[in-house]
Amino acid sequence: MRTGSVRAVATQPRSRVRAAAALAALGALALTSCGTDVDDIAVGPGKGWPAAHHDGRNSGVSPVTGARSLTLSWSRPAAGPIERPVTIGAEGQLFLTTRTANGCAILSFQMPTGRKRFCDVLGPNAISSPTAVDGVSNVYAGDDGAVNSFNYLGQPRWRTPVAGVPVSVQFTGDSRLLTITQSGQVDVLDRQTGLRTVPTVQLLGEPDFLGNPDLTRPASGQGLDDCGTGGPQCPIANISAIDGSTGRFYVTVWQPGAPSAALIALRYADNRIQQEWRAEILTEGSATGPALSADGGTVYVGDNSERLIAVDAADGRTKWVRPLGFTPSGGISVSGDGLIIPAGDEGYLLALRDTGDSAEIAWERKDLALRGAPVQTAGDTGYTAAAIGDGLNLITFDTGTGATIDSDVLPGAKGTTTGTSVGPKGEVVVATRIGEVFVFQPE
């Protein structure tokens, strides 16, 4: 039968073959003409938790009115440890990166049931890369030497090579993808194709292959073990903050051999990236992602000498420095009305107010030992994981006073959490570093 089919095609009149080719060409032209260079897929802040700290500003604030009474909906292991906060699509789909024995590295769950939607194989260091989710639940994450995109079913969309592992993944104001690796490579990628839209920038400088002809490319995962603490072996340890309206973004950089780390400002505009200022202010490094005020005028960042620092976003001038008494790490939640709540697994729940030239304590809860990153929501409601007895609880608190509203056990949870995320219907998601996901529903 197969031979007969081939023979029948071969003996068709030549005119019919030409006609078929012409029709195929017209069809291809028609398909091409249906395309568009307009990207109308929403990205950035909104309902859900589209980036590690909710938005480009790293605000750690959801516009959803937070529930004041929660109940545990489900929990399940991820089969591997978790380093970055869980992201949540606009329809409630959960995404995270991990490292498992079978190579599964990017994992997705369905919000209502906890059922696994997909688990795809990536390089082992994907665990160090945060995820970002657009308006139709395409997910973006890095791994060993690449940036990747998958659709909501886990089907690969594209893969773009980079040097290192992307430890920062954010959306730009023009709906592109800004990625920065721990070795300092900065790229802006088209979300539909993965193609670079501006020339790559190397924050640590370009390698001199003429002066060092035997120079070899470092391993993709080099220095990642230091990123969690902002140590000197990890030049870029944190998720950048970006002002979508100006294109200016802020990165913590520990240049190899430098005595301390710096906060630098770059701007993505006019089809290029250029540095605007550099402030050598981060004593002993930083394990805190910078966070922007709602008006974009101030960037807040912590360092490993137990300080929270406010910096003028335009010129890098230090506005004030506030000793915390603990090392801030992870994120800094900054509300629209200027309430600042730093994270830190060695610290306690604390809220500050920026007065312009100093920071005043709004309230503090020294009885609540933090084990993750606090977040704020609309309705004066916040959430954080805290150590209660030998385990962990999800604490619901009033952001105006710091008072506990609700306390829910994370059954069997130990250690610390990667952060707290809020879903489109007010769900609260917490993941422990040892690798278990807990989802709470509003009552």
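Q: Which residue forms a disulfide with C227?
A: In this predicted model, two cysteine sulfur atoms count as a disulfide when they lie within 2.5 Å. The sulfur of C227 has such a neighbour 1.9 Å away. That partner is C234.

Q: Is the disulfide of C227 and C234 left-handed or right-handed?
A: Let's look at the torsion about the S-S bond, which is about 75° for C227 and C234. From that value the disulfide is classed as right-handed.

Q: Is C234 buried or exposed?
A: A residue is called buried when its relative accessible area is under 20%. Its bonded partner C227, at 8% relative accessibility, counts as buried. C234 has a relative accessible area of 1%, so C234 is buried.

Q: How many disulfides are there by this rule, and what pattern do they follow?
A: The rule asks for sulfur atoms within 2.5 Å. Besides C227 with C234, a disulfide joins C104 to C119, with an S to S distance of 1.3 Å. The count comes to two disulfides, and with bonded cysteines counted along the chain the pattern is 1-2, 3-4.

Q: Where in the chain do C104 and C119 sit?
A: This pair links distant parts of the chain, 15 residues apart. The torsion about their S-S bond is about -50°, so this disulfide is left-handed. C104 is in strand β5 and C119 is in strand β6 (residues 116–121).

Q: Is C119 buried, partly exposed or exposed?
A: Buried means under 20% relative accessible area and exposed means over 50%, with partly exposed in between. C104 has 6% and counts as buried. C119 has 26%, so C119 counts as partly exposed.

Q: Which strands stand at the edges of the open sheet that holds β15?
A: Four strands make up this sheet, in the order β15-β16-β17-β18, with antiparallel pairing. An edge strand has a single partner, so one of its sides is left without a neighbour in the sheet. The strands at the edges are β15 (241–242) and β18 (272–282).

Q: Which residue of β16 stands opposite A241?
A: Two bridges join β15 to β16 (residues 248–253), and these strands run antiparallel. Across from A241 in β16 stands Y250.

Q: Which residues touch the most other members of the largest nonpolar core?
A: This core has 29 residues. Strands that each supply at least two of them include β4 (94–97), β31 (391–398) and β34 (428–432). The residues that touch the most other members are L94, L96, Y383, L394, L410, V429 and V437.

Key:
Residues are numbered from 1 along each chain as its sequence is written. This is a predicted model: local features need pLDDT of at least 70, side-chain atom pairs count only at pLDDT 80 or more; totals for chains, interfaces and linings use all residues. Side-chain values use heavy atoms; hydrogens and water are left out. Two strands pair if DSSP finds at least two bridges between them. A nonpolar core is a set of buried Ala, Val, Leu, Ile, Met, Phe, Trp, Tyr and Cys residues joined through side-chain atoms within 4.5 Å. Buried means under 20% relative accessible area, exposed over 50%, partly exposed in between (1.4 Å probe, protein chains only).
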